[in-house]
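Here is a guided look at one protein model, written for someone new to reading structures. Keep the picture open while you go through the text.

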Amino acid sequence: MCSSFYPSVNTLDRDMELDRRLLLAHCAAHGLSVVAGLLVVVPMALNGSAFKGRCALFSSGYWRTGDGAEPSEQLTVRQWGPPAACQFATFVGIFTVLYGAAQGWRYLFYLHGRHDDTLFSSFLTVLLSVCVLFLSGGAGAILSLGFSSWCDTVTDNDARPYSCAESQSVPLYLDVDTSSFYTELSLAQASLWCVTALWLVHSILAFLRLYHSHSQHMSGPCLHREKELLLGQSPSDSSSPSPPHPSATPTLLV
């Protein structure tokens, strides 16, 4: 038998308010993920266009002295980096943008309609968030290491009189546009680590929502019945009105 209704209404109010706050936090995190993902995709696309489809990450080369009509010193790239290194970071950024936009819109709908995920759907969300967290962390490590390798090539392991940031304004005499590579790759690198941090936030929020949904599910049918009554969705509310009370006038039996 269910306990008294009125004491549990306060508990139900707190549960619904917690649901709403978790949804708001998750929706805001997805909005930030869309922005951070775009700050990964756009710089990587610009860099790929400037490098004519080549990937600067993990590229190897050396400086050589020119002769005759050639410049006195120029950079020679021995081997360009694997395209998968750049494509992996771009993929994580694109997936983050698309997933964040879809989930953010869905959570806004939940906030408006006072709905929530099922227990199984919440579990899948936790699982997906953790998987993408490791993917984005791996992409961030690859981008950081590859960028560092390219900077070592450009600066000749810090033997040149300028830094990696300054080298984008120095003519490297390559057949690609290197005038903004440092700005693009450093922005993509910082944004990708922000994406990784946001996926960590997603994982934590998804786990909290799963735990909260599980707690509500274990509360039994009484809490569900009281939630319907509180939301005004009880079947008795839409049925015919209750019959009138019998007359209180006493009946005299003879």
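Let's start with Phe51, which is buried, at a relative accessible area of 0%. Buried means under 20% relative accessible area, exposed means over 50%, and partly exposed is in between, with a 1.4 Å probe and protein chains only. Before going further, note that this is a predicted model: local features need pLDDT of at least 70, side-chain atom pairs count only at pLDDT 80 or more, and totals for chains, interfaces and linings use all residues. Residues are numbered from 1 along each chain as its sequence is written, and side-chain values use heavy atoms, with hydrogens and water left out.

**Rings that pair up**

A pair of aromatic rings is described by the distance of the centres and the angle of the planes. Rings of Phe, Tyr and Trp (its six-membered ring) pair if their centres lie within 6.5 Å; planes under 30 degrees apart count as stacked, over 60 as edge-to-face and the rest as tilted. The count here comes to 9 aromatic pairs. In one of them, Phe51 meets Trp80 edge-to-face, with 5.7 Å centre to centre and 85 degrees between the planes. Phe51 lies in the loop between helix H1 (5-50) and strand E1 (55-65), while Trp80 is in strand E2 (residues 73-81), so the pair ties together parts that are 29 residues apart in sequence. As for the labels, helices (H or I, at least four residues) and strands (E, at least two) are DSSP runs, numbered from the N terminus.

Another pair, Phe95 with Trp199, is stacked: 6.4 Å centre to centre and 20 degrees between the planes. Phe95 belongs to helix H2 (residues 83-113) and Trp199 to helix H5 (residues 181-218), and the two are 104 residues apart. Is Trp199 buried or exposed? Trp199 counts as buried, at 1% relative accessibility, whereas Phe95 is partly exposed at 28%. Phe51 also turns up in an aromatic cluster, together with Trp80, Trp150 and Phe181.

**Charges over rings**

Some rings have a charged partner instead. A charge sits over a ring if NZ of Lys or CZ of Arg is within 6 Å of the ring centre and within 35 degrees of the ring normal. Here are two cases:

| Charged residue | Ring | Distance to ring centre |
|---|---|---|
| Arg160 | Trp63 | 4.1 Å |
| Arg209 | Tyr107 | 4.7 Å |

Arg209 and Tyr107 lead us to His26, which sits in helix H1 and is buried, with a relative accessible area of 1%. Which residues is His26 in contact with, leaving aside its neighbours within four places in sequence? They are Tyr107, His202, Leu205, Ala206 and Arg209, where contact means heavy atoms within 4.5 Å.

**One salt bridge**

Side chains of opposite charge can pair when their charged atoms come close. A salt bridge is a side-chain nitrogen of Lys or Arg within 4 Å of a carboxyl oxygen of Asp or Glu, and by this rule there is 1 salt bridge. Arg54 forms a salt bridge with Asp175, their closest N and O atoms being 2.8 Å apart. Arg54 lies in the loop between H1 and E1 and Asp175 in the loop between helix H4 (164-167) and H5, so the pair ties together parts that are 121 residues apart in sequence. Arg54 is partly exposed, at 28% relative accessibility, and Asp175 is partly exposed too, at 43%.

**Into the core**

A nonpolar core is a set of buried Ala, Val, Leu, Ile, Met, Phe, Trp, Tyr and Cys residues joined through side-chain atoms within 4.5 Å. The largest one has 35 residues, and those with the most contacts inside it include Phe51, Trp150, Phe181 and Leu192. H1, E1, E2, H2, helix H3 (119-154) and H5 each supply at least two residues of this core. Which element gives the most? That is H3, with 8 residues.

Leu192 touches Val40, Ala89, Val92, Ser136, Ala139, Gly140 and Leu143, not counting residues up to four places away in sequence. With the same kind of neighbours left aside, Thr196 in helix H5 is in contact with Leu133, Ser136 and Gly137. Thr196 is buried, at 11% relative accessibility.

**Stepping back**

The protein has 7 helices and 2 strands, following the pattern α-β-β-α-α-α-α-α-α along the sequence. Of its 254 residues, 38% count as buried. Among contacts with a separation of 6 or more, 78% come from residues 24 or more positions apart.
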